[in-house]
Amino acid sequence: MFVPLQTAPAGVDNKKGPLTASHSETSGPSGRPRQSFLSTMPLRTPKSIILILSAFVLFSTSALATAPQHRRHRRHVARAASVAEGHSPYRHASVLRRRRIFQETWTSPTFADSTAGDLIDGEDLNVRRAAVQALGPYNGTVVVADPSSGRILTIVNQKLAFQSGFQPCSTIKLVAALAGLSEGIINKEDNGRLGRRWSLSLTEAIAHSNNYYFATVGERLGFERIEKYAKELGLGEKAGLDIPTEEAGTLPPTPPDEGLGMMTSFGSGIYLTPLQLTALVSAIANGGTLYWLQYPRSTDEVAHFEPKVKRALEDVSKFIPEIRPGMEGAVEHGTARRAAYDPSVTIMGKTGTCTDTRSPTHLGWFGSFNQVGDRKLVVTVLLTGGRPISGPVASGIAGRVYKNLADENYFGPNTPAAAVALLSTQSCCQAGR
């Protein structure tokens, strides 16, 4: 049975009784009867008394009107400080607490020429054109791969894609879901109780990226099991084979300070690369085989390309069908709705939104794959920048990649190859460098 986190109350309301005056004190120090404030005033005309009483009433009304505003302000500040930086619509049930960043200190621009410096030798130019068009002016990277072989077809913004990783945000929930299923902590059929009158299925928890659900899974898994499954799914190691410029992401050696709940709902302490997410989503797309990602850099390497299996995901492969409905639901009615461009086309994916304090930058992730047509593709999008960046925005870019390729009949048989890659208005890429 799914057991929710037991948390202490946020605070205790120590209510006191109403303040009352002591009516026994009826005489002053001299023993004479105590006189009231009004009794010491000289006699006034009725008009003067009316003016005094009117002023008193206005003062009291003003004070009463101000107090609720202060209380509302305090409630607003407290609520803002407790909202987690995710995109779960179930905010009322979240017990996660993160310090709010009141002053933006992000150093990465939201918009840039993301094609500058890219080398396109060996890429599928048809796929590259679709990805460049979809990314547009955003500062980010798009990685497209064949999940049945591990071949990388294009990488837009190779400099960003080969960095040492970023916080995975809610994409880590894919790892948490597979680990929880494998360990029997959750199952697809039962709803997890998140409160006295509220429960949520695994499918909806993935579709809506529910933080509380996956924080509960993380607390019940424990650090050792989280680390075990993360390593099995390729985190903490290079995803590519013989890609000299690739850097591996990292897994923390100890639980992060933010806690295990934040680790499995926001990826705290973990640094994930776009290539690692591409390899992970490819394994989900093909049913449980983790391929080495290979990036041919010439026509000769493309001609002699051979897939290489890194390992079979024996512990989790049988549970992959149980997380796919949630990934499909994310596109149909959840956090990745912008990826849907045609109701008849099935796309599955997982979004992620958070702030990477190490960089620092705001992040928008989306890892996805399509289920229609003769060619299956994995499309991973990572956006960096300021507040406009989010997982839903990244999902919209991935959706445009699929649409651009569908418009050219890329997923159908006998699709002609494009002759040249699309260049941006600035310098896109240079062959041979």
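1. Contact here means heavy atoms within 4.5 Å. On that footing, residues 24 or more positions apart make up 71% of the contacts in the protein with a separation of 6 or more. Do keep in mind as you read on that this is a predicted model.

2. A quick overview may help before the details. The protein has 433 residues, and 49% of them count as buried. Its secondary structure consists of 12 helices and nine strands. The accessible surface is about 21800 Å², with 54% of that belonging to carbon and sulfur atoms.

3. Next, the disulfide. The structure holds one, and it joins cysteine 169 to cysteine 354, with an S to S distance of 2.0 Å. The pair links distant parts of the chain, 185 residues apart: cysteine 169 sits in the loop between helix 3 (158-161) and helix 4, while cysteine 354 belongs to strand 7. The link is left-handed, with -65° about the S-S bond. If you were wondering about access, both cysteine 169 and cysteine 354 are buried.

4. Helix 11 is worth a look in your viewer. This helix covers residues 320-332, 13 residues in total, and reaches 19 Å from its first C-alpha to its last, close to the 18 Å expected at 1.5 Å a residue. Its buried residues are Ile320, Ile323, Arg324, Gly326, Met327, Gly329, Ala330 and Val331.

5. What do the buried residues of helix 11 pack against? Their partners are helix 4 (173-182), helix 5 (202-207), helix 9 (274-286), strand 7 (347-356) and strand 8 (361-370). Strand 7 will be familiar from point 3, as cysteine 354 lies in it.

Terms used. Residues numbered from 1 in each chain as written. Predicted model: local features only at pLDDT ≥ 70, side-chain atom pairs only at ≥ 80, totals over all residues. Heavy atoms only, no water. Helix = DSSP H or I, 4+ residues; strand = E, 2+ residues; numbered from the N terminus. Buried < 20%, exposed > 50% of the residue type's maximum accessible area, 1.4 Å probe, protein only. Areas by Shrake-Rupley, 256 points an atom, 1.4 Å probe, with all protein chains shown as cover. Expected span 1.5 Å × (residues − 1). Disulfide = S-S within 2.5 Å.
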